[in-house]
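Trainee: I have a structure to go through today. May I ask you some short questions about it?
Mentor: Certainly; let us look at it together.

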Amino acid sequence: MACSARILVTAWCFFVGIAVSVPGWQGLVYGLPPPCESQIYCTGDLLKQVQLARLFSDDKHFVDMPLRETPELVLKKFQQLVNVTPGGILSKEQLQQFVSSSFSDSGQEFEQWEPQDWTSSPQILAKICDQKLQAWASDLNAKWKSLGRKIKDDVRTHPMFYSQIYVPHPLMVPGGRFIEYYYWDSYWVIEGLLLSEMAVTAKGMIQNFLYLVERYGHIPNGGRVYYLRRSQPPFLTLMMDAYLAHANDTEFLRENIHLLEVEYEFWQRNRSVSITVGDRNHTLNYYNVQIGEPRPESYSKDWELAADLNEDARQELWAELKSAAESGWDFSSRWFLSWPPPLPATLKDTKARAVVPVDLNAFLCKTEHLLASFYRRLGNTTKAAQFQATLERRLEAVQAVFWNEAAGVWLDFNLLKKQPNPAFYPSNLAPLWTDCFSDQAAAERAVRYLEGSTVLSYKNGLPTSLARTGEQWDLPNAWPPLQHMVIAGLAKSSSSRAKEIAFALAQNWVRTNFALYKKYQAMFEKYNVDGDGKPGAGGEYQVQHNRDPSCIYLGQPPETPSRGMSVQSQNL
């Protein structure tokens, strides 16, 4: 966005007048609880010494390893070693020997599982005219057979030996270093399963998340105890909606709608903020993980990042990092307090709890709409009216707080600056996807917003931002969920130009994915929008490949009157 546009955005903020009230937000100091209570996987001297010794190239490896003996015995043996070691700090060789004798290799908590509802010829393949693309889609469909997992019953009966959180039904894992389930990723996994006519497997994954809500009151970020006290973008109700569209399973909805509401209330109770615009008070949601200590899966990186800070500042930074991780965007300039340019900013400047995000509120807007619709379907008019009223309040809040007339789009709101963030992110257009707007001209305004920036000039996908920070949720990376949200949001609008842009974006994304699949025989979690296209990079770990087939998921292809729906491989 040009400098003059940023000035207009700021001027708009001051014109409308905004005040902020965040209960419990101020005064974050050390003394916060750890990521979980485990003295092995979440906190304590054993975790600290092993991770800071960097026994493994990836900190996540250690906290995924099951125990060979009870936690009490492992901790007792470790303490005995500490007691006889001068200074109490074990050597790297001592730690390696201790870990080898006390822990098993990661991944042993799973059984390989092949889904019984897999078919080699789902109907979606017959809709792909181009033979090369059809063969590619068939290859992707076959990957479901290698990504299925079932958690061993021993994890249920002896949970203290594992960092894995037990769930009762088989599931699909993302692949690569991520050998457990993850919350918001699973929405696109489920959509992909449903396109592949695997409704039984999809239902089982939803049942797993319902099980977690019943047990914990929310859905953890992922399937490890060190993720317990943070969540991810709330997609459970959207998962249910996707399943019901393929299987008219009203009884399943009836049995579990109370759990959809429990998860929704978690976000309202623990992640809400009050913002006053003019004389109107609005309640919106944000990511707010008030949990201290380094993230166990990235312990050494968090420790090093906070090395020159005092204890208060360290704990606050670590809470901010977990809040950013809860967003799914870990990490991004989006959460940097002093951004956008030209002010310098780094990961240490992360202030995710100061950002009220457009997309989170768009997801909850959709959740409220669906809960109202579900209750009408079940004949509960009282509950339906309750959620319809909540939805209408959300629509008003999204328009008042996020919509920026000068920019012609929705913008994240910064609580500390008390103004919007004028930077481009695909999430700025999330309300189009979730129908969280009342002005039918919004799609046309969004088109002008996109065309007024440089983002459409990238032919390998829509960039995650226009800031080059080295973080993985920034330029030059493009991520599948963001492509889908923008493309689907534009495609379903009444604007012919929006449909054309959606088609072009979808064509570019398929072209990029197909080209790299031909080269590497793998799908990647993110792609580079620069040059001729290559896997994405940056962030805390190497780019992950052999991801699930949902990496390419765009839903049904967008139609345009002038171009139709086919994509030809010779143009890819």
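Trainee: In what order do the three strands of the open sheet lie, and is the pairing parallel or antiparallel?
Mentor: Please note at the outset that this is a predicted model. The order of the three strands in the open sheet is 2-3-4, and they pair in the antiparallel sense.

Trainee: Which strands stand at the edges?
Mentor: Strand 2 (110-112) and strand 4 (171-172) do. Each has a single partner strand, so one side of each has no neighbour in the sheet.

Trainee: What holds strands of a sheet together in general?
Mentor: Strands of a sheet pair through backbone hydrogen bonds, in a parallel or an antiparallel manner.

Trainee: How many bridges are there between strand 2 and strand 3?
Mentor: Strand 3 covers residues 148-151, and its antiparallel pairing with strand 2 runs over three bridges. Within strand 3, Arg-149 is the bridge partner of Gln-112.

Trainee: Let me change to helices. At what angle do helix 12 and helix 13 pack?
Mentor: Helix 12 (residues 236-246) and helix 13 (residues 250-270) pack at about 160°, and their axes are 10 Å apart.

Trainee: Why are they called roughly antiparallel?
Mentor: An angle over 145 degrees counts as roughly antiparallel, and therefore helix 12 and helix 13 are described in that way. Their crossing is left-handed.

Trainee: Which residues meet there?
Mentor: From helix 12, Leu-236, Thr-237, Met-240, Tyr-243 and Leu-244 take part. They meet Phe-252, Leu-253, Asn-256, Leu-260 and Glu-263 of helix 13. By class, this contact has seven nonpolar residues, two polar ones and one charged.

Trainee: And what about helix 7 and helix 21: at what angle do they cross?
Mentor: Helix 7 (residues 131-142) and helix 21 (residues 496-520) cross at roughly 75°, with axes that come within 12 Å. The two helices are therefore roughly perpendicular to each other.

Trainee: Which side chains should I look for in that contact?
Mentor: Look for these residues: Lys-132, Leu-133, Trp-136, Asp-139 and Leu-140 in helix 7 meet Val-510, Asn-513, Phe-514 and Tyr-517 in helix 21. The contact of helix 7 with helix 21 comprises six nonpolar residues, one polar residue and two charged residues.

Trainee: New topic: the backbone. What is usual for phi and for peptide bonds?
Mentor: Most residues other than glycine have a negative phi, and most peptide bonds are trans.

Trainee: Where are the cis bonds that you would show me?
Mentor: One is the peptide bond from Asp-330 to Phe-331, with omega near 10°. Phe-331 is in the loop between helix 15 (311-326) and strand 7 (355-356). Another cis bond joins Leu-475 and Pro-476, with omega about 15°. Pro-476 is placed in the loop between helix 19 (442-451) and strand 12 (477-478).

Trainee: What is the phi of Arg-54?
Mentor: Arg-54 has a positive phi, near 50°, and is not a glycine. Its loop lies between helix 2 (45-52) and helix 3 (59-63). Arg-54 counts as partly exposed because its relative accessibility is 39%.

Trainee: And Asp-435, what is its phi?
Mentor: Asp-435 also has a positive phi, near 60°. Asp-435 is in the loop between helix 18 (430-434) and helix 19, and its relative accessibility of 41% makes it partly exposed.

Trainee: Finally, is Gly-88 buried or exposed?
Mentor: Gly-88 has a relative accessibility of 13%, so it counts as buried. Gly-88 is in the loop between helix 4 (71-83) and helix 5 (92-102). Leaving aside residues up to four places away in sequence, Gly-88 touches Gln-49 and Val-82.

Terms used
Residues numbered from 1 in each chain as written. Predicted model: local features only at pLDDT ≥ 70, side-chain atom pairs only at ≥ 80, totals over all residues. Heavy atoms only, no water. Axes fitted to C-alpha atoms, helices over the stretch in contact; angles between N-to-C directions. Helix = DSSP H or I, 4+ residues; strand = E, 2+ residues; numbered from the N terminus. Parallel < 35°, antiparallel > 145°, perpendicular 65-115°, else oblique. Contact = heavy atoms within 4.5 Å. Nonpolar A, V, L, I, M, F, W, Y, C, P; charged D, E, K, R; others polar. Pairing = 2+ DSSP bridges. Left-handed = near helix turned anticlockwise from the far one by under 90°. Buried < 20%, exposed > 50% of the residue type's maximum accessible area, 1.4 Å probe, protein only.
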